[in-house]
Amino acid sequence: HGPLGFCDLDKEGMLIEGFEELGTFITIYNYPYYMKHMEALGYVKDAEWIEIDITLSETNVANKIATLAQKAKDKYKLSVVPLKKSKDVIPYVKEIFDLLNQGYEHLYGVVPITAKQVDCYVKQFFSFLNIDYICIVKGEDGKIAGFGIIMPSLSKAAQKSKGRLFPTGFIHFLKAIKKNDTLDLYLVAIRPELRSKGVPYVMLNELTTSALKNGVVRAIASPELETNHAVQSMWRSYETRIHRRRRCYLKLFNDSTSVKAEPVES
């Protein structure tokens, strides 16, 4: 059963479409013939994710999103947390991952993220964060209503450095973080009871405005379940295309063909 990670933040899903497209830093690449072997061995589709290429333009903000965002702020007393440096995010980390667990718990293959994992992810990705691409929205009660974390694309930097940080590979990564026309959408979560209260528009307005100010022209959404229409609806105000698709396979055994483990001698 797989490919799957230990949690939803790990790499998962075998690539089945979009082999010619540039992938994201957090996804798996494999050759096209892999899926032919899987099917020949009796594996079948259990779930699929899609990756969406999103074109950003001024009209996205001016025509619709900005208006809807302001209406949501006024009606539901939503506010955006001001962030001036990456350390400003630290006080919200626990609540962010609590919300992530709550918002993702119904999705395929998701297991709760532990406190130890949270510490690991913070150490792993904190240095890559660009404060322009983090949005935390609070509700009237002062709790986080939703958040979005985006990162400059590191795919081309990984190609140029051939996957190595040293001796000089880190220079390509630093350049990609500081100046980039493409973003990778990493994490988005909204409190379940506020999903229809305009929180997505507030986040999209903030993040799109920052992106355009920095010369960004496109964003790549991280893998989304093809059945997750709620998150896909967030991009309906943008020009989009599905550019990659990945699959989780499953092999079922009946009683006559099931594989039984043999005892192992010590």
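How do the residues that line the second largest cavity divide into nonpolar, polar and charged? The model in which this cavity is found is a predicted one, and in it the lining divides into seven nonpolar residues, one polar residue and one charged residue. The residues concerned are Cys7, Asp8 and Leu9, together with Leu100, Asn101 and Tyr104, and then Val110, Val111 and Ile113. The space that they line has a volume of about 50 Å³. To place this cavity in its setting, it helps to begin with the chain as a whole and to return to the empty spaces afterwards.

The chain contains eight helices and nine strands. Its C-alpha trace spans about 65 × 45 × 40 Å along the principal axes. For a chain of 266 residues, a compact globule would have a radius of gyration near 18 Å, and the value for this chain is 20 Å, so the two agree. Buried residues account for 44% of the 266 residues. The contacts give a further view of the fold: among those between residues at least 6 apart in sequence, 80% join residues that are at least 24 apart.

Some of these links across the sequence can be followed in the strands, with strand S9, residues 239-250, as a convenient place to start. Strand S1, which covers residues 14-17, pairs with S9 in the antiparallel sense over three bridges, and within this pairing Met14 has Arg247 of S9 as its bridge partner. Strand S2, residues 44-55, also pairs with S9 in the antiparallel sense, here over eleven bridges. In that second pairing, the bridge partner of Trp49 is Arg246 of S9. A general point is useful when looking at such strands: in a regular strand the side chains alternate between the two faces of the sheet.

From the strands we can turn back to the enclosed spaces. Rolling a probe the size of a water molecule over the atoms shows where empty space is left. Two cavities of 30 Å³ or more are counted in the model, and the largest has a volume of about 170 Å³. This largest cavity is lined by 16 residues, of which Ile150, Leu185, Leu204, Leu207 and Trp235 are the closest to its centre. Strand S5 (144-152), strand S6 (182-190) and helix H7 (199-213) are the elements that each give two or more residues to its lining. The largest share comes from H7, which supplies five residues. By class, the lining of the largest cavity has 14 nonpolar residues and two polar ones, with no charged residues, whereas the lining of the second largest cavity, described at the outset, includes one charged residue.

An open space offers another kind of lining to examine. The second largest pocket has a volume of about 280 Å³, and 13 residues line it, those closest to its centre being Lys156, Lys160, Ala176, Lys179 and Asn180. Two helices, H5 (155-160) and H6 (169-178), are the elements that give two or more residues to this lining. Its residues divide into three nonpolar, four polar and six charged.

The loop between H5 and H6 also deserves a look for its backbone. Pro167 is found in this loop, and the peptide bond that leads from Phe166 to Pro167 is cis, with omega near 10 degrees. Lys162 lies in the loop between H5 and H6 as well, and its phi is near 55 degrees, a positive value in a residue other than glycine. Lys162 counts as exposed because its relative accessible area is 68%, and the cut-off for exposed is over 50%.

Two further backbone features lie elsewhere in the chain. A cis peptide bond joins Gly2 and Pro3, with omega of about 5 degrees, and Pro3 belongs to the segment before S1. Lys77 is placed in the loop between helix H2 (58-76) and strand S3 (79-80); phi of Lys77 is near 55 degrees, again a positive value in a residue other than glycine. With a relative accessible area of 46%, Lys77 is partly exposed, since that class lies between the cut-offs of 20% and 50%.

How values were computed
Residues are numbered from 1 along each chain as its sequence is written. This is a predicted model: local features need pLDDT of at least 70, side-chain atom pairs count only at pLDDT 80 or more; totals for chains, interfaces and linings use all residues. Side-chain values use heavy atoms; hydrogens and water are left out. On a 1 Å grid over the protein atoms alone, a cavity is a set of points where a 1.4 Å probe fits but cannot get out, and a pocket is an open set with protein on both sides within 12 Å along at least five of seven lines; lining residues have an atom within 4 Å of a point. Grid points are joined across faces, edges and corners, and a volume is the space filled by probe spheres set on the points. Helices (H or I, at least four residues) and strands (E, at least two) are DSSP runs, numbered from the N terminus. Ala, Val, Leu, Ile, Met, Phe, Trp, Tyr, Cys and Pro count as nonpolar, Asp, Glu, Lys and Arg as charged, and the others, Gly among them, as polar. Two strands pair if DSSP finds at least two bridges between them. The radius of gyration is taken over C-alpha atoms; the globule rule is 2.2 Å times the number of residues to the power 0.38. Buried means under 20% relative accessible area, exposed over 50%, partly exposed in between (1.4 Å probe, protein chains only). Contact means heavy atoms within 4.5 Å.
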